[in-house]
Amino acid sequence: MAALAKFRPVDSGQHDKDELREIVRERSFRFGRYTLSSGIESDIYFNMKPTMMVARGAQLAALEFLKIAEQVKAEYVGGLEMGAVPVIGSMAAVSSVMNKPINTIFVRKAPKSHGTMDVIEGLGPKEDLEGKVVLIVDDVATSGKSILKAIEEVRRVGGIVRDAACLVDRDEGATALLAQHGVTLHSVLHASEFVERH
């Protein structure tokens with residue numbers, strides 16, 4: 001139980017965001033030449049898995065998203081595989097420890113080829129998203145197309161999506177694209193915070 005006592009409240013302050021930024025800088029941010037999932041080339045890259053899957057990074061990322069979920073009164077949090085999966089798992093666990101439980105789901109890029117052939121995973125047999133407010137999250141937002149795919153699937157089954165969130169916003173079109181679909185993007189960090197300006 002001693003370890004659980006170290007969890008900070010959901011309204012943790014700027015110190016936690018600063019610490020998360022440094023974990024991202026150390027574990028997830030790279031200079032080089034990379035082709036992004038959007039197909040464009042970039043000289044900076046964020047692989048957020050090493051941040052979201054180290055214990056402290058997982059906790060801090062979950063706390064930042066939980067703050068947003070609370071602000072927008074989300075009943076569920078979800079996102080597209082694989083980018084959202086590590087952090088939504090952390091969110092469910094951390095929210096339970098904090099006695100503010102929120103359930104999570106993820107959206108498959110393609111239907112499962114066997115069994116129930118579900119596209120949306122995480123719901124129990126008597127559970128659905130009809131009329132539920134869902135916050136869609138992703139690790140990195142570039143064009144916003146991955147987030148939009150998750151939004152469309154959740155809306156298709158009756159979920160209400162007005163807000164999305166990302167850990168790092170590359171500021172390359174996601175905000176504008178999602179706004180066209182009635183969704184506000186909340187960004188924890190921005191790519192510009194990691195690039196020195198000369």
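Q: How many of the residues of E7 are buried?
A: In this predicted model, 8 of the 10 residues of E7 are buried, so the strand is mostly covered.

Q: Which strands pair with E7, and in what sense?
A: E6 pairs with E7 in the parallel sense over 7 bridges. E7 and E8 also run parallel, and 6 bridges join them.

Q: Which residues face each other there?
A: Between E6 and E7, the bridge partner of valine 140 is valine 168, and that of aspartate 138 is cysteine 166. On the side of E8, alanine 165 stands opposite histidine 186.

Q: What is the order of the strands in the sheet?
A: The sheet is open and has 6 strands in the order E5-E4-E3-E6-E7-E8, with mixed pairing.

Q: Why is one side of E5 and of E8 left without a neighbour?
A: E5 and E8 stand at the edges of the sheet, and each has a single partner strand, so one side of each has no neighbour in the sheet.

Q: What about side chains in a strand: where do they go?
A: In a regular strand they alternate between the two faces of the sheet.

Q: Which helices link the parallel strands into β-α-β units?
A: Helix H5 does so with E6 and E7, and this unit is right-handed. Helix H6, residues 174-180, makes another right-handed β-α-β unit with E7 and E8.

Q: How far does H5 reach?
A: H5 covers residues 145-156, which is 12 residues, and spans 16 Å from its first C-alpha to its last. That is close to the 16 Å expected at 1.5 Å a residue.

Q: What follows H5?
A: Glycine 158 follows H5, and the phi of this glycine is positive, near 95 degrees.

Q: Which residues of H5 are buried?
A: They are Ile147, Leu148, Ala150, Ile151, Glu153 and Val154.

Q: Glutamate 153 is on that list; why does it count as buried?
A: Its relative accessibility is 17%, and buried means under 20%, so glutamate 153 counts as buried.

Q: What does glutamate 153 touch?
A: Leaving aside residues up to four places away in sequence, glutamate 153 touches Val107, Val119 and Ile120.

Q: Moving on to glutamate 121: where does it lie, and is it buried or exposed?
A: Glutamate 121 lies in strand E5, residues 120-121. Glutamate 121 is buried, with a relative accessible area of 14%.

Q: Which side chain makes a polar contact with glutamate 121?
A: The side chain of arginine 108 does, at 2.8 Å.

Q: What separates glutamate 121 from glutamate 81?
A: Along the chain they are 40 residues apart, and their C-alpha atoms are separated by 10.0 Å.

Q: Now the interior: how many residues are in the largest nonpolar core?
A: That core has 36 residues. Those with the most contacts inside it are Val24, Phe46, Met48, Phe65, Val77, Leu135 and Val137.

Q: Which elements supply this core?
A: Helices H1, H3 and H4 and strands E2, E6, E7 and E8 each supply at least two residues. H3 gives the most, with 8 residues.

Q: What does leucine 135 touch?
A: Not counting residues up to four places away in sequence, leucine 135 touches several residues, including Phe65, Ile68, Val72, Tyr76, Val77, Asp163 and Ala165.

Q: How many residues are in the second core?
A: The second core is separate and has 23 residues, including Val107, Ile147, Ala150 and Leu185. Of these, Ile147 and Ala150 are among the buried residues of H5.

Key:
Residues are numbered from 1 along each chain as its sequence is written. This is a predicted model: local features need pLDDT of at least 70, side-chain atom pairs count only at pLDDT 80 or more; totals for chains, interfaces and linings use all residues. Side-chain values use heavy atoms; hydrogens and water are left out. A nonpolar core is a set of buried Ala, Val, Leu, Ile, Met, Phe, Trp, Tyr and Cys residues joined through side-chain atoms within 4.5 Å. Buried means under 20% relative accessible area, exposed over 50%, partly exposed in between (1.4 Å probe, protein chains only). Helices (H or I, at least four residues) and strands (E, at least two) are DSSP runs, numbered from the N terminus. Contact means heavy atoms within 4.5 Å. The expected span of a helix is 1.5 Å times one less than its number of residues. A polar contact is a pair of N or O atoms within 3.5 Å; within protein, one must be able to donate a hydrogen and the other to accept it, and residues adjacent in sequence count only if both atoms are side-chain atoms. Two strands pair if DSSP finds at least two bridges between them. A crossover is right-handed if, with the strands pointing away from the viewer, the path from the first strand over the helix to the second runs clockwise.
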